[in-house]
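Thank you all for coming. I would like to walk through one model this morning, and I will put it on the screen before I say anything about it.

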Amino acid sequence: MPEALHRLALLESILGAVNLGAIVLDEQHRIVLWNHWMARHSACQAEAVLCQDFFAVYPELRHKRIASAITQALRDNFQSLLSQTLHKAPFPLYTHGAAEGRERMQQAIAVTPINLPGSPRHCLIQINDVTIAVGREKLLREQTMVLRSQTFADGLTGIANRRHFDVAIEKEMRRAMRTGNPLSLLMIDIDHFKDYNDHYGHQQGDDCLIRVAAELAAMLQRPTDLLARYGGEEFAAILPDTDAAQALRMAEAIRERAAGLRIPHAKTGNEVKHITVSIGIATQHPQQQPTIAALIGAADRALYLAKGAGRNRVMVQPL
């Protein structure tokens, strides 16, 4: 008997020293062990909860997942690990001690049956503070999202970049071929932009690009539409489920919106002394099976024709 008491005292000392919460329940759900960690991180001292019904101490847990885990441990001798995703902070525990207004610690919980020879079954509830790990994971997710957005966004204008365009055009081409809906592409180029940069300087040239990009992007209202900076002063607009007539109307609206900005440009070489854009259009029709290269090539040829016809205009090129 003295040896058994010594082992019990040693076990309680060990559970008191470990850096995790330890609660032992008997078959009647009464608390028979409540370690120092639990006392430190909850509002309950051991002497206040020992021999108390667990669900009298935590009535809010009576119908939660941990209640069924306790039942499975005591009745079925089955161990349970509670999902951190679904059960982030079931116990009112706080990293720096219990206090009103503080955010609960994030918890990893295991419920394990304890079988003692000659004694009814007990269960051990282990609680680990995973707040730091969860915070680190959240930070990594946020950093990943930032990096991903940077990977697919143009550093100057903030709209989609060429990589984003390449991914989007491939996805929309596959969808158009699957659904049989038309897909239109606009290639948009700021007229005489090299002359603008040479005359006003690169800083003002960057400001011009930013203003034009923001204005054009605001015109694309559907979630599937995409405006991307294709390169330099050239932009590309992907318009899914858009036929040739609809694409032409959108292109004319874009051309007018860009001209409406009235960004002064003294070196256009003609009577129009403000920034304008030229636009080339190509549309894939349901009965066609073109490649991405063919669609881009047709829109580029149309843009070249618009430039050659005097700029500040829209041209269409069939595939």
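Let me begin with a small question: which residue takes a positive phi in the hairpin of β1 and β2? It is His29, with phi near 70°, and the hairpin has 5 residues between its strands. Please keep in mind throughout that this is a predicted model, and that every value I quote is computed from it.

Staying with that hairpin, β1 and β2 are paired in the antiparallel sense over 3 bridges, and Leu25 has Ile31 in β2 as its bridge partner. On the other side of the pairing list, β1 is joined to β5 by 5 bridges, again antiparallel, with Ala22 standing opposite Gln126 in β5. As for burial, 5 of the 5 residues of β1 are buried, so the strand is largely enclosed by the rest of the structure. Gly21, Ile23 and Leu25 point one way from β1, while Ala22 and Val24 point the other way, and all of them are buried.

If we now widen the view to the sheet, we find an open arrangement of 5 strands in the order β2-β1-β5-β4-β3, with antiparallel pairing. The edges are taken by β2 and by β3, residues 80–81, and each has a single partner strand, so one side of each is left without a neighbour in the sheet. Helix α5 packs on this sheet, where it touches β1, β3, β4 and β5, and its direction makes about 25° with that of β4. Within the sheet, β4 and β5 run antiparallel and are joined by 8 bridges, and Ile109 is placed opposite Ile127 in β5.

That brings me to the nonpolar cores. As a general remark, nonpolar side chains in soluble globular proteins tend to be buried together. Here the largest nonpolar core has 30 residues, and the members that touch the most others are Ile23, Trp34, Phe54, Ile70, Phe91, Val111 and Ile125. Two or more residues each are given to this core by β1, β2, α2, α3, α4, α5, β4 and β5, and the largest share, 6 residues, comes from α5. A second, separate core has 28 residues, among them Leu216, Met219, Leu220 and Ile275.

Phe91 deserves a closer look: leaving out residues up to four places away in sequence, its contacts include Ile23, Phe54, Tyr58, Leu61, Ile66 and Ile125. Pro90 lies in the loop between β3 and β4 and is buried, at a relative accessible area of 17%. Beyond its neighbours within four places in sequence, Pro90 is in contact with Leu61, Arg104, Gln107 and Ile109. For a sense of scale, the C-alpha atoms of Pro90 and Leu303 are separated by 61 Å, with the two residues 213 places apart along the chain.

Let me turn to two helices, beginning with α7, residues 162–179. At 1.5 Å a residue its 18 residues should span 26 Å, and its end C-alpha atoms are 25 Å apart, which agrees. The buried residues of α7 are Phe165, Ala168, Ile169, Glu172, Met173 and Ala176, and seen down the axis they fall within an arc of 135°, so they line one face of the helix. These buried residues pack against β6, β7, β8, β9 and α11, whereas the face turned away from them carries the exposed residues Arg163 and Arg178.

For α10, residues 244–260, the 17 residues should span 24 Å, and the end C-alpha atoms are indeed 24 Å apart. Its buried residues are Ala247, Ala251, Ile254, Arg255, Ala258 and Ala259, and they cover an arc of only 130° around the axis, which puts them on the same side of α10. What covers them includes β6, α9, β8, β9 and β10, while Arg249 and Gly260 are exposed on the face turned away from the buried side.

Finally, I return to backbone angles, where two further residues other than glycine have positive phi. Asn77, in the loop between α5 and β3, has phi near 60° and counts as partly exposed, at 36% relative accessibility. Arg262, in the loop between α10 and β9, has phi of about 55° and counts as exposed, at 57%.

Technical notes
Residues are numbered from 1 along each chain as its sequence is written. This is a predicted model: local features need pLDDT of at least 70, side-chain atom pairs count only at pLDDT 80 or more; totals for chains, interfaces and linings use all residues. Side-chain values use heavy atoms; hydrogens and water are left out. A nonpolar core is a set of buried Ala, Val, Leu, Ile, Met, Phe, Trp, Tyr and Cys residues joined through side-chain atoms within 4.5 Å. Buried means under 20% relative accessible area, exposed over 50%, partly exposed in between (1.4 Å probe, protein chains only). Helices (H or I, at least four residues) and strands (E, at least two) are DSSP runs, numbered from the N terminus. Contact means heavy atoms within 4.5 Å. Two strands pair if DSSP finds at least two bridges between them. Axes are lines fitted to C-alpha atoms, for helices over the stretch in contact, and angles run from 0 to 180 degrees between N-to-C directions. The expected span of a helix is 1.5 Å times one less than its number of residues. The arc is that of the directions from the helix axis to the C-beta atoms.
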